[in-house]
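Biologist: I am new to reading protein models and would like a close look at a single part. Could you pick one residue and walk me outward from there, step by step?

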Amino acid sequence: MRRRQAVKRQILPDPKYNNKVVAKLINIIMTRGKKSLAEGIVYGAFDILKTRVPEDEPLKVFNKALENIRPKLEVKPRRVGGATYQVPIEVTQERGISLALRWIKDYSRSKKGKPMMDRLADEILAGYKGEGAAIKKRDDTHKMAEANKAFAHFRW
């Protein structure tokens with residue numbers, strides 16, 4: 001390690017569900033500091049989830065989707081003797097959640113033709129069912145780690 005570790009900021013839970021992961025999603029969705037707009041989008045998406053999956057509450061659907069999308073392995077480039085190897089490493093819980101939330105946001109934004117809350121609800125629902133673009137991204141990440149398993153001994 002070359003420099004000191006960055007200090008982790010404590011994130012306050014969101015007002016409606018009192019959940020830190022939902023607050024993190026709101027912060028990730030937010031653009032240009034418009035937090036109330038981001039909250040509206042996220043809570044709107046959760047309301048849509050409530051109507052589409054009436055047997056489960058939206059927070060459970062969201063957490064299940066997050067668990068499905070979260071990657072367990074990823075590759076990290078390591079330079080060894082002039083060559084760069086893609087070394088598979090295990091993903092920490094915190095980083096896995098961050099990646100999953102980022103993928104949900106990215107794929108929701110990339111779809112066009114619907115309001116953002118509908119697209120966000122669609123992506124969360126797809127993750128809940130184990131399908132969709134974010135799940136495909138997780139599978140690709142796992143495939144990449146599997147393909148580079150031979151370089152696992154470069155992990156340090």
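Modeller: Happy to! Let's start with Phe46, which is buried, with a relative accessible area of 0%. Keep in mind that this is a predicted model, so please read every value below as computed from it.

Who sits beside this ring? The structure holds 4 aromatic pairs, and one of them joins Phe46 to Phe62. Their ring centres are 5.4 Å apart and their planes meet at 50°, so the pair is tilted; the tilted class lies between stacked, under 30 degrees, and edge-to-face, over 60. This pair ties together distant parts of the chain, since Phe46 belongs to helix H2 and Phe62 to helix H3 (residues 58-69), 16 residues apart. Phe62 is buried too, with a relative accessible area of 1%. Ring pairs also reach further, linking Tyr17, Tyr43, Phe46 and Phe62 into a cluster.

Now let's follow the helix that carries Phe46. How do we describe two helices that pack together? We use the angle between their axes and the distance between those axes. Helix H2 (residues 35-52) has such a partner in helix H5 (residues 116-129): their axes come within 8 Å and cross at roughly 55°. That angle makes H2 oblique to H5. The crossing of these two helices is right-handed.

Phe46 takes part in this meeting as well. On the H2 side, the residues in contact include Gly40, Ile41, Gly44, Ala45, Phe46 and Leu49, while H5 contributes, among others, Met116, Met117, Leu120, Ala121 and Leu125. Sorted by class, the contact has 12 nonpolar, 2 polar and 3 charged residues. Among the residues that meet here are Arg52 from H2 and Asp118 and Asp122 from H5. So Phe46 has a ring partner in H3 and also belongs to the contact with H5.

For a contrast, step back along the chain to the loop between H1 and H2, where you will find Arg32. Is Arg32 buried or exposed? Arg32 is exposed, with a relative accessible area of 83%, whereas Phe46 is buried at 0%. The backbone of Arg32 deserves a glance too: its phi is near 55°, a positive value in a residue other than glycine.

Asn18 makes a nice companion to that example. It has a positive phi of about 55° and is not a glycine either. Asn18 lies in the segment before helix H1 (20-29), and it is exposed, with a relative accessible area of 58%.

Key
Residues are numbered from 1 along each chain as its sequence is written. This is a predicted model: local features need pLDDT of at least 70, side-chain atom pairs count only at pLDDT 80 or more; totals for chains, interfaces and linings use all residues. Side-chain values use heavy atoms; hydrogens and water are left out. Axes are lines fitted to C-alpha atoms, for helices over the stretch in contact, and angles run from 0 to 180 degrees between N-to-C directions. Helices (H or I, at least four residues) and strands (E, at least two) are DSSP runs, numbered from the N terminus. Angles under 35 degrees count as roughly parallel, over 145 as roughly antiparallel, 65 to 115 as roughly perpendicular and the rest as oblique. A crossing is left-handed if the near helix is turned anticlockwise from the far one by less than a right angle, and right-handed if clockwise. Contact means heavy atoms within 4.5 Å. Ala, Val, Leu, Ile, Met, Phe, Trp, Tyr, Cys and Pro count as nonpolar, Asp, Glu, Lys and Arg as charged, and the others, Gly among them, as polar. Buried means under 20% relative accessible area, exposed over 50%, partly exposed in between (1.4 Å probe, protein chains only). Rings of Phe, Tyr and Trp (its six-membered ring) pair if their centres lie within 6.5 Å; planes under 30 degrees apart count as stacked, over 60 as edge-to-face and the rest as tilted.
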